[in-house]
Amino acid sequence: MEGPPLELVCSSVGSDDSGRGPPITINELVQLAHIGIPIDQVTWSRVTMTSDKWIAVRHDSRSDFSAKRAVVTVLSPIEGTISYAGSTSADSVLMNPVYPRIALKAGLRFEVFNLDTKELVNKVKFHEPVIFWTWLTADVIAMVTDSAVYHWSINEREAATTPEQIFVRHNRLAFTEIVGYKGDPSLRWLALTGLTPEDERISGVTQLYNRDEDITQCITAHAVCFSTYHFPGNPYPSTVMCVSSREAQDHGKVHVIELGPYKTGNFAPRNSYDHLHFLDDLERYDFPISLQISVDYGLLFVVTKYGYLYMCDMETAMCLCCTRVAVDVIFAAALNTNSQGILAITRGGQVITVDLKKDGFISFLREQVKTAYRANRFEKVICP
């Protein structure tokens, strides 16, 4: 194999306090421009966030803009630390969602390094161009080509592995830009999402694949996520899929769908949905770019491209409130596992956290949403 693409040197806005608006706090954790990241390089392809643990940035050095190699900066936004992983000729970098591993893609070559030990964990040279890739889990990298989806298992304690083809892409995604790939905790359910411009709007198509049945189908969806959720009254937790889409005019939907197989003793599988009202103007077309689930709070967060946040009830899919949390485009979001809020990156270089004011949220449900039952239920889990 050719030489390595990376040379490791490792080195509130408050919400509306009048009581009318959703009770949240919006705090800037870091401004990327202040740590040497050129604003014109704060883009979806250069700034990646697979969880709230790390943000990986591939950017030019301020001191040498003519250099052919980029600098890799790794941030830990919650802890407030910054490290420099080194220089690279890679065209894409991704931090592992759990472990201090960094994955690099340079054309057909892929390498994974342990940042703590500075050691190469695994490498492979693929046989065809990969147009989208992501850490699917802490131990699996997903690779998407024009024709199929592959999984590459990464384990420091085992011998090097090669990517395995999982399923073939559906024809409906042939002319879409692939923007997301998600799996349920067991990796039996998988969802590949692509976007495509149609007239004056952006359409979202998701290919849903079930590995047990080897069945695939396409649904209208701009963003998808999976989780395990324990619905009240059920003895066993359920696998759920959440889907959000933008449809005709200014309306969209959010779905919470309980997936099989059915567990004896549970209530009948749920399929709940609610409508979303998009608040964009004639100059732009807003749509969901990320779904995040707070299992602890029983909330589903829908984040849109133009900075809106919809908070929905996991048990009914009911949209509880909507508020704007950023004036710039948001291109990446993750669950803030410490606060059970949202961590987001904007095109203007802000890394923000959006968190609930717990007491205020319960009052908001009672007074504004006027749902005493939900207020009582949320009070038990949010303010125990």
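Is C242 buried or exposed in this structure? C242 counts as buried, with a relative accessibility of 0%. The model described in this report is predicted.

## Overall architecture

The chain contains two helices and 30 strands. It has 384 residues, of which 55% count as buried. The surface that the chain exposes amounts to about 17300 Å². Carbon and sulfur atoms supply 50% of that exposed area.

## Cysteines

Zero disulfides are present in the structure. C242 takes part in no disulfide, and the nearest cysteine sulfur to it belongs to C225, 4.4 Å away. Because a disulfide requires two cysteine sulfur atoms within 2.5 Å, the separation of 4.4 Å between the sulfurs of C242 and C225 does not qualify. As stated at the outset, C242 is buried, at 0% relative accessibility.

C321 is likewise in no disulfide. For C321 the nearest cysteine sulfur is that of C319, at a distance of 6.8 Å. C321 also counts as buried, its relative accessibility being 5%. This value lies under 20%, the limit below which a residue is classed as buried.

## Residues with positive phi

K118 has a phi near 65 degrees, which is a positive value in a residue other than glycine. This lysine is placed in the loop between β10 (109–114) and β11 (119–125). With a relative accessible area of 43%, K118 is partly exposed. The class follows because partly exposed residues fall between the limits of 20% and 50%.

A317 is another residue other than glycine with a positive phi, in this case near 70 degrees. The loop that holds A317 runs between β26 (308–313) and β27 (319–324). Where K118 is partly exposed, A317 counts as buried, at 0% relative accessibility.

## A cis peptide bond

G260 and P261 are joined by a cis peptide bond, for which omega is about 5 degrees. P261 is situated in the loop between β22 (251–259) and β23 (271–277).

## Summary of local features

Loops between strands hold each of the backbone features described above. The cis bond involves P261, in the loop between β22 and β23. The positive phi values belong to K118, between β10 and β11, and to A317, between β26 and β27. Among the cysteines, C242 and C321 are in no disulfide, and both count as buried.

Note on methods. Residues are numbered from 1 along each chain as its sequence is written. This is a predicted model: local features need pLDDT of at least 70, side-chain atom pairs count only at pLDDT 80 or more; totals for chains, interfaces and linings use all residues. Side-chain values use heavy atoms; hydrogens and water are left out. Helices (H or I, at least four residues) and strands (E, at least two) are DSSP runs, numbered from the N terminus. Buried means under 20% relative accessible area, exposed over 50%, partly exposed in between (1.4 Å probe, protein chains only). Accessible areas come from the Shrake-Rupley method with a 1.4 Å probe; for residues, only the protein chains shown count as cover.
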